[in-house]
Amino acid sequence: RALTEVGAAELICATDQWITPQRCSPSSEQGRALLVLSFRLAAGAVGAKAGAEALTVVISNMASQLAADRGMVNECCSRLRELCLGASGLPPSARERLLKGAVGPLISRLPEEAELRAAVEALASELRAAAPPACSEDAPAAGKVVATRLLFQLLAAPETQNPELSLELLAAHWPWLEAAVAAPAAAEAGAEAACSALTAAISRARGRPVAREALLRATPVLAAAAARRGSAAALGALGTLVRVFRGFADDADAARQVAAEIAGLTRQLLAGADAAAAEQRMAQLPPDLLAALLELLTTALGQRKAALALELFRTPGLLLAVASPVAGALHCYANPRIVCWGLLFCERLPPWAQQQEFAPHAGPVLEAVLPIVAEACCRLLASSPVAQDLEVCGACAKLLLTLARALPGPMEAALRGAALRIGVPAQESELLQQQIADPLATEDGLAEALRDTAVSWQVEHLRRSLAAGG
């Protein structure tokens, strides 16, 4: 029987594209039979996860017709509520899948927004009571995490014509978001769900005043979670919000507030603004947290973020305290994501240094890090375990071309000196400089050349190391 139920669920999933309101209308005998079967499979003791996936397919494909029939939608919502929140025996991942893939499409197609809000509240009220901060402190930790994740999956599930609806639902649950993200005892799994719901909601409403308000309200929460609890989910969410918000080109007030939070969390994560302390601290940070920090700073220095970038450059010592230790240690990291974002962060500096308003702030930073960056690229090619990674080569090519075109003379001298210091043969160094200086060079073409360079340099580096050891 177990094999039969799993096979039936998999068959339903495999016929996803053929389950349409025209072929399987929920008002027809075949459609009703398919609904009944899907609910039974999801509620079964064996193969319930596969059954939940099958039910998601059926409900989402029939959602428009189900939502038009009040009786059917009420019955489906009631049974879905029991599966997601009751003692159904479904694993948490299957419950989340049902909320996102079945409940979301179903309630999104309700004819009136008031009905949607009522449907969300009917499910959210029980989840709020089981999740921090409303639940008992003595409640099992696993149960609190499950309730938190289900709550934010629910709040993110509706997709309607009103782009502000998700933000309104989140605003009504702000204490739960703060507890999930920034509380000292918050679980990262719960924070991930809350951050995902937050970024999705602000992305949907981007360009509207409510998105700005939500961004400024959320930034301190996310920054606190990243700085005090080391939450990579919160730091990643802040980076996403910086990327999607459209006001950082000219909204000086918003840029000032967000830049202050970014500067504060950066200093806390890197043990202050001292470069030596920052380098030591970077080596101790979890890889996903360091990568998220570098991604955030790279995003904040994007060309469409002029107001935010200016505030960060104006923050005394901040960017230099990040760029110097990051560049100096890039060849030591075995995580391609850290290396890529470190290279791209350094690549953001030259364009700003060429703009009159930024030059007094960005120019000294670029001048100080140029020799460090040049040596970092050489050491990366000569000894890094990820030097031949396609994305790493692409990021390195982008950085080298940007620097060579912004500062051709100083960059050539810096590369020559760096190659000499690490023992790269003169002819190899000259070849690299010619490839970078080529006016027809492209990022893709140079990236391919850098892969070949890495092979050659690393063979030479290994030969010298063996000779020295012998």
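A residue is called buried when its relative accessible area is under 20%, exposed when that area is over 50%, and partly exposed in between, using a 1.4 Å probe and protein chains only. Keep that scale at hand as we walk through this predicted model, in which local features need pLDDT of at least 70, side-chain atom pairs count only at pLDDT 80 or more, and totals for chains, interfaces and linings use all residues. Residues are numbered from 1 along each chain as its sequence is written, and side-chain values use heavy atoms, with hydrogens and water left out.

Let's start with the nonpolar core, meaning a set of buried Ala, Val, Leu, Ile, Met, Phe, Trp, Tyr and Cys residues joined through side-chain atoms within 4.5 Å. The largest one has 174 residues, and F152 and L343 are the members that touch the most others. Helix α20, residues 359-383, contributes the most to this core, with 13 residues. Helices here are DSSP runs of H or I with at least four residues, numbered from the N terminus. Find F152 in the structure and look around: leaving aside residues up to four places away in sequence, F152 is in contact (heavy atoms within 4.5 Å) with L170, W176, L177, A180, A193, A194 and A197.

Now for the charged residues. Side chains of opposite charge can pair when their charged atoms come close. A salt bridge is counted when a side-chain nitrogen of Lys or Arg is within 4 Å of a carboxyl oxygen of Asp or Glu, and this rule gives 20 salt bridges.

One of them joins the side chains of E188 and R229, at 3.1 Å from N to O. E188 sits in helix α10 (residues 188-204) and R229 in helix α11 (residues 209-229), so this pair links distant parts of the chain, 41 residues apart. With 25% relative accessibility, E188 is partly exposed.

Helix α20 comes back in another salt bridge, between E375 and R421, at 3.0 Å from N to O. E375 belongs to helix α20 and R421 to helix α22 (residues 408-421), so the pair ties together parts that lie 46 residues apart in sequence. E375 is buried, at 18% relative accessible area, whereas R421 is exposed, at 51%.

Stay in helix α22 for R416 and E412, whose side chains form a salt bridge at 2.8 Å from N to O. These two are four residues apart in the helix, so about one helical turn separates them. R416 is partly exposed at 36% relative accessibility, and E412 is partly exposed at 39%. Elsewhere, E113, R117 and E168 are joined into one network by salt bridges that share partners.
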